[in-house]
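Visitor: Please give me a close look at one part, the nonpolar core. Include the cut-offs.

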Amino acid sequence: MRLLIAFLFPWLTFFLIGRPFTGLLCLLLQCTLLGWIPATIWAVYALSQYKTDRKIARAMAHRY
């Protein structure tokens, strides 16, 4: 679901993963027609990093 949001509303993805200031910056980038594609790529990349960070945190929590 978040991946679909990253494609349609890149700025909203950052708010959903807890990065509101980055979301505002992405919204400014997305306001231009040429900025839409980089904003989408940035949102998808940030979402994948968020998922990876959560997996690492869960693995470290189970380790101890």
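Guide: Contact here means heavy atoms within 4.5 Å of each other. This is a predicted model, so to speak of local features takes a pLDDT of at least 70 and side-chain atom pairs count only at pLDDT 80 or more, while totals for chains, interfaces and linings use all residues. Residues are numbered from 1 along each chain as its sequence is written, and side-chain values use heavy atoms, with hydrogens and water left out.

Start with Thr-13. Setting aside residues up to four places away in sequence, Thr-13 touches Arg-2, Ile-5, Ala-6, Ala-43 and Leu-47. Thr-13 has a relative accessible area of 1% and is therefore buried. The scale is simple: buried is under 20% relative accessible area, exposed is over 50%, and partly exposed lies in between (1.4 Å probe, protein chains only). Thr-13 sits in helix H2, residues 10-16. Helices are DSSP runs of H or I with at least four residues, strands are runs of E with at least two, and numbering starts at the N terminus.

Now the core itself. A nonpolar core is a set of buried Ala, Val, Leu, Ile, Met, Phe, Trp, Tyr and Cys residues joined through side-chain atoms within 4.5 Å. The largest one has eight residues: Ala-6, Phe-14, Ile-17, Cys-26, Ala-39, Ala-43, Ala-46 and Leu-47. Helix H4, residues 36-63, is the biggest contributor, with four residues.

Ala-6 is one of the core residues. Beyond its neighbours within four places in sequence, Ala-6 is in contact with Thr-13, Thr-40, Ala-43, Val-44 and Leu-47. Ala-43 and Leu-47 appear in the contact list of Thr-13 too.

Cys-26 also belongs to the core. Its relative accessibility is 0%, so Cys-26 counts as buried. What about disulfides? A disulfide is a covalent bond between the sulfur atoms of two cysteines. The test is a pair of cysteine sulfur atoms within 2.5 Å. The whole structure yields zero disulfides. Cys-26 is in none, and its nearest cysteine sulfur, that of Cys-31, is 9.7 Å away. Cys-31 is likewise in no disulfide. With 60% relative accessibility, Cys-31 counts as exposed.

Gln-30 comes next. Gln-30 lies in helix H3. Its relative accessible area is 9%, so Gln-30 is buried. Apart from residues up to four places away, Gln-30 touches Leu-8, Phe-9, Pro-10, Trp-11, Gly-35, Trp-36 and Ala-39. Ala-39 is a core member.

Pro-20 is in helix H3 as well, which covers residues 20-30. At 36% relative accessibility, Pro-20 is partly exposed. With neighbours within four places in sequence left aside, Pro-20 is in contact with Phe-14 and Phe-15. Phe-14 is listed in the core.

Next, two residues of helix H4. Ile-37 is located in helix H4. Ile-37 is exposed, at 57% relative accessible area. Its C-alpha atom is 9.4 Å from that of Pro-10, and the two residues are 27 apart along the chain. Arg-58 is placed in helix H4 too. Arg-58 is partly exposed, at 44%. The C-alpha atoms of Arg-58 and Leu-16 are separated by 19 Å, across 42 residues of chain.

Then the surface. Met-1, Leu-3, Leu-4, Phe-7, Leu-8 and Phe-9 form a nonpolar patch of about 650 Å². Patches take residues with over 30% relative accessible area and no salt bridge; like charges are joined within 9 Å, and nonpolar side chains (Val, Leu, Ile, Met, Phe, Trp, Tyr) within 5 Å. A salt bridge puts a side-chain nitrogen of Lys or Arg within 4 Å of a carboxyl oxygen of Asp or Glu. Accessible areas come from the Shrake-Rupley method with a 1.4 Å probe; for residues, only the protein chains shown count as cover. Leu-4, one of the patch residues, is in helix H1, residues 2-8. Leu-4 is partly exposed, with 47% relative accessible area.

Finally, the setting. The chain has four helices and zero strands. Of its 64 residues, 25% count as buried. Contacts between residues at least 6 apart in sequence join residues at least 24 apart in 45% of cases. The exposed area is about 4,800 Å², with 74% of it from carbon and sulfur atoms. Along the principal axes, the C-alpha atoms fill a box of roughly 50 × 20 × 15 Å.
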